[in-house]
Amino acid sequence: MSRSLRRGALAATAAAFSLVSLGACAAGHDAPTLQVKPDNAAVTKGDIKVQNALVITQEKDKKGPAAVSATVFNNGTKEQTLDAITLPGSKAVVTLKPAGSASKVVIPAGGSVLLGGKGNASAVIAGADSVVDGNVQKIVFQLSTAGDVELDGFVVPATGMYEAYGPTAAPAAGATPSGSPSASPSGSASATPSGSPAASASHSGSPSGSPAAGH
């Protein structure tokens with residue numbers, strides 16, 4: 001992708017992020033503003049729609065994990081769980097962590113979940129050295145019923161409007177890497193917590209991928 005095209009793509013992402021963020025909380029959980037088609041990554045498979053997916057890295061010259069931000073909508077009549085997120089083509093491992101005391105990332109029927117932002121579920125990326133700002137990264141969301149939902153998301157640094165949705169710390173001890181089996185080390189008593197701490201946070205807005213402002 002040329003430098004000029006890349007700048008244009010990022011500008012479109014920022015614009016979509018800003019618009020969705022402004023309307024999200026005031027409008028309500030199922031408001032029409034949440035269904036506005038963004039200029040950045042969005043895809044629908046069955047009852048599941050993933051919108052505003054981004055990979056957010058550390059600020060320039062800072063070391064640490066990256067994060068996936070997105071909003072996952074469930075337009076069906078039965079809840080689904082987000083079981084894992086992978087980044088094909090990289091060695092990165094994504095760890096899902098639910099909001100609050102939840103044990104799974106549950107996308108309720110007719111509802112949505114936001115990844116990223118204070119108080120929301122998180123998807124922290126370890127080993128993201130191959131993820132470069134300005135590039136486009138393939139992201140696969142693995143849902144309990146819909147299966148793999150794949151799309152391309154922009155890679156942006158955690159600055160400006162993206163700062164509040166980027167990575168803040170390394171995955172918590174005991175968190176289960178998304179997409180990897182939660183098996184205990186051989187010979188030890190089940191040391192891995194049950195299920196991936198999928199990051200479930202019911203959000204009334206689109207992801208700030210435009211990481212939409214959650215409430």
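In this predicted model, a polar atom of the Asn74 side chain sits 3.1 Å from the backbone oxygen of Ile107. Asn74 itself belongs to strand S3, which runs over residues 66-74. With a relative accessibility of 0%, Asn74 counts as buried, because the cut-off for that label is anything under 20%. Plenty of residues from elsewhere in the sequence gather around this side chain. Once the neighbours within four places are set aside, Asn74 touches Asp47 and Ile48, then Glu79 and Gln80, and finally the run of Ile107, Pro108, Ala109, Gly110 and Gly111. Ile107 thus turns up twice in the story of Asn74, once through its backbone oxygen and once in the list of contacts.

Stepping back to the whole chain, the fold is mostly a matter of strands: there are 11 of them, alongside 1 helix. Reading along the sequence, the helix comes up front and the strands follow, giving the pattern α-β-β-β-β-β-β-β-β-β-β-β. Of the 215 residues in the chain, 46% are buried. Contacts reach a fair way along the sequence, too. Among those with a separation of 6 or more, 73% link residues that are 24 or more positions apart. As for the outside, the accessible surface of the chain adds up to about 9,900 Å², and carbon and sulfur atoms contribute 54% of that.

Inside, the largest nonpolar core takes in 31 residues. The members that touch the most other members are Val50, Leu82, Ile85, Ile125, Ile139 and Phe141. Ile125 gives a feel for who meets whom. Leaving out its neighbours within four places in sequence, Ile125 is in contact with Val55, with the stretch Pro65, Ala66, Ala67 and Val68, with Leu87, and with Ala92, Val93 and Val94. Another core lies apart from the largest one; this other core has 8 residues, including Leu54, Phe154, Ala158 and Tyr162.

Charged side chains come next. The whole structure holds 3 salt bridges. One of them pairs Lys62 with Glu59, with 3.5 Å from N to O. Both partners are partly exposed: Lys62 has a relative accessible area of 48%, and Glu59 comes in at 29%.

Lys138 takes part in the other story, with two carboxylate partners to its name. Its salt bridge to Glu150 spans 3.3 Å from N to O. Lys138 lies in strand S9 (residues 136-143) and Glu150 in strand S10 (residues 147-157), so this pair ties together parts that are 12 residues apart in sequence. Lys138 is partly exposed, at 31% relative accessible area, and Glu150 is partly exposed as well, at 44%. The salt bridge between Lys138 and Asp152 has an N to O distance of 3.2 Å. Asp152 also sits in strand S10, so its pairing with Lys138 in strand S9 ties together parts that are 14 residues apart in sequence. Asp152 counts as partly exposed, with a relative accessibility of 42%. Through shared partners, the salt bridges join Lys138, Glu150 and Asp152 into one network.

Methods:
Residues are numbered from 1 along each chain as its sequence is written. This is a predicted model: local features need pLDDT of at least 70, side-chain atom pairs count only at pLDDT 80 or more; totals for chains, interfaces and linings use all residues. Side-chain values use heavy atoms; hydrogens and water are left out. A salt bridge is a side-chain nitrogen of Lys or Arg within 4 Å of a carboxyl oxygen of Asp or Glu. Buried means under 20% relative accessible area, exposed over 50%, partly exposed in between (1.4 Å probe, protein chains only). Helices (H or I, at least four residues) and strands (E, at least two) are DSSP runs, numbered from the N terminus. A polar contact is a pair of N or O atoms within 3.5 Å; within protein, one must be able to donate a hydrogen and the other to accept it, and residues adjacent in sequence count only if both atoms are side-chain atoms. Contact means heavy atoms within 4.5 Å. A nonpolar core is a set of buried Ala, Val, Leu, Ile, Met, Phe, Trp, Tyr and Cys residues joined through side-chain atoms within 4.5 Å. Accessible areas come from the Shrake-Rupley method with a 1.4 Å probe; for residues, only the protein chains shown count as cover.
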